[in-house]
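Q: Hey, I've got a protein open on my screen and I don't know where to start. Can you walk me through it?

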Amino acid sequence: PEAAPSKKTSILSFRKGRGAVLRAISLDLKTVSRAAGSAFFQIGQTKVIAGIYGPHQSKLQTDQGQLKCTVTIAPFSGYRGVDAEMNASHKDRVGTAPAERMLAQQVAHAIRGCVRMERYPKSEIDLFVVVLQDDGGVLPASINAASLALVDAGIEMTGLVSAVHVGYAEGELFVDPAGDEQPLLEGLLLCAATSAPGGYGPGQPYRATNVTSFEVTGAFPPAPAGAPAPLTQALALGLDGCSAVGEMLYRTFLPPRARKQRDRDLKAAPQPQPQGPSA
């Protein structure tokens, strides 16, 4: 196995030309037998599973349904934000560790706006996410798994939500940094987005244009004179990554014959021009 880079290692040489290419993605549906809907999402060696339970009656009798999210980080996952001492102090209370609560808030924030909660008055939908392995990009992987599980459960949504990380280091932007690359980054952007209504169809590639979550950690430098800001460029790269992931999520729900037809339609269609986020 390749050794983790030291902080003196250049991320440009460590990535070995991967640039804007996403790591390999694998996904599956109906992975939890007793859940209303569930999904497994893997990118690189990061593995996440999500399950939906409900809708069921809520204690809060409101016109809008409630979406509750719980994230559990497996002790064997190697998650870099959870040390052994914190795991030990929360081992009897699922989803109560600080990192787990933070991830749950971030996942819910990214997808809640796309769930048609007005269709579920006086009801509650429970979303459970389990992080099985961390090799970087746990948050976007959790969002992607949650989006798949919601659709698999038949929950009404305005669109699929897809997400990626974009990193900045040494004047360069990198989509989907792996776990060993993240310590070398100066800034990290989470981009979660969905397609505009009617934004794609037969022969049209999936385009994620409506941002649902935008979070920045670390530092992105100001824009040089006469050039776009690195943060603006990172968002555009993030939307391209969300589009690539979103296409894979969308194809998951197509029957095999429809997938082959979509492949033929996309090959015959003209290549789309890059698009920025919608206003």
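A: Sure, we'll go from the overall make-up to helix 4, the core, the spaces inside and a few odd spots. Keep in mind that this is a predicted model.

Q: Okay, how many helices and strands does the chain have?

A: The chain has six helices and nine strands.

Q: And what share of the residues count as buried?

A: Of the chain's 279 residues, 48% count as buried.

Q: What about contacts between parts that are far apart in sequence?

A: Take the contacts with a separation of 6 or more: 70% of them involve residues 24 or more positions apart.

Q: Got an example of that?

A: Try Gly 37, which sits in strand 2. The C-alpha atoms of Gly 37 and Ala 153 are 3.8 Å from each other, with their places 116 residues apart along the chain. Leaving out residues up to four places away in sequence, Gly 37 touches Ala 50, Gly 51, Ile 52, Ala 149, Asp 152 and Ala 153.

Q: Is Gly 37 buried or exposed?

A: Gly 37 is buried, because its relative accessible area is 2% and the cut-off for buried is under 20%.

Q: Let's switch to helix 4. How many of its residues are buried?

A: 14 of its 15 residues are buried, so helix 4 is largely enclosed by the rest of the structure.

Q: What span should helix 4 have, and what does the model show?

A: At 1.5 Å a residue, the 15 residues should span 21 Å, and the end C-alpha atoms are indeed 21 Å apart, so the two agree.

Q: What comes after helix 4?

A: Gly 154 follows helix 4, and its phi is positive, near 80°.

Q: Which residues are the best connected in the largest nonpolar core?

A: That core has 63 residues, and the ones touching the most other members are Phe 41, Val 107, Ile 111, Ile 125, Leu 127, Ile 143 and Leu 150. Helix 4 gives the core its largest share, nine residues. As background, nonpolar side chains tend to be buried together in soluble globular proteins.

Q: Phe 41 is on that list. What does Phe 41 touch?

A: Not counting residues up to four places away in sequence, its contacts include Ile 25, Leu 27, Val 48, Ala 141, Leu 148 and Leu 249. Among the others are Ser 26, Thr 46, Lys 47 and Asn 144.

Q: Any holes in there? How many cavities of 30 Å³ or more does a search find?

A: A search of the whole structure finds one. The largest cavity holds about 60 Å³ of space. Its lining includes Phe 41, Ile 43, Gly 137, His 165 and Asp 176. Strand 2, helix 4 and strand 6 each give two or more residues to that lining. By class, the lining has seven nonpolar, three polar and one charged residues.

Q: And pockets? What's the volume of the largest one?

A: The largest pocket has a volume of about 420 Å³. It is lined by 20 residues, and the closest to its centre are Tyr 79, Leu 139, His 165, Gln 182 and Leu 188. Helix 3, helix 4, strand 8 and strand 9 each supply at least two residues of the lining.

Q: What kinds of residues are in the lining of the largest pocket?

A: Nine are nonpolar, eight are polar and three are charged.

Q: New topic: what kind of peptide bond joins Gly 54 to Pro 55?

A: That bond is cis, with omega near 10°. Pro 55 belongs to strand 3, residues 46-57.

Q: Which non-glycine residues have a positive phi of about 55°?

A: Lys 30 is one of them, and Glu 170 is another. Lys 30 is in the loop between strand 1 and strand 2, while Glu 170 is in the loop between strand 6 and strand 7.

Q: How accessible are Lys 30 and Glu 170?

A: Lys 30 is exposed at a relative accessible area of 62%. Glu 170 counts as partly exposed, at 40%.

Q: Last one: where does Cys 114 lie?

A: Cys 114 is in the loop between helix 3 and strand 5. Cys 114 is buried, with a relative accessible area of 4%. Its C-alpha atom is separated by 8.1 Å from that of Thr 212, 98 residues apart along the chain. Cys 114 also has contacts with Glu 156, Met 157 and Val 161, among others.

Notes:
Residues are numbered from 1 along each chain as its sequence is written. Side-chain values use heavy atoms; hydrogens and water are left out. On a 1 Å grid over the protein atoms alone, a cavity is a set of points where a 1.4 Å probe fits but cannot get out, and a pocket is an open set with protein on both sides within 12 Å along at least five of seven lines; lining residues have an atom within 4 Å of a point. Grid points are joined across faces, edges and corners, and a volume is the space filled by probe spheres set on the points. Helices (H or I, at least four residues) and strands (E, at least two) are DSSP runs, numbered from the N terminus. Ala, Val, Leu, Ile, Met, Phe, Trp, Tyr, Cys and Pro count as nonpolar, Asp, Glu, Lys and Arg as charged, and the others, Gly among them, as polar. A nonpolar core is a set of buried Ala, Val, Leu, Ile, Met, Phe, Trp, Tyr and Cys residues joined through side-chain atoms within 4.5 Å. Buried means under 20% relative accessible area, exposed over 50%, partly exposed in between (1.4 Å probe, protein chains only). Contact means heavy atoms within 4.5 Å. The expected span of a helix is 1.5 Å times one less than its number of residues.
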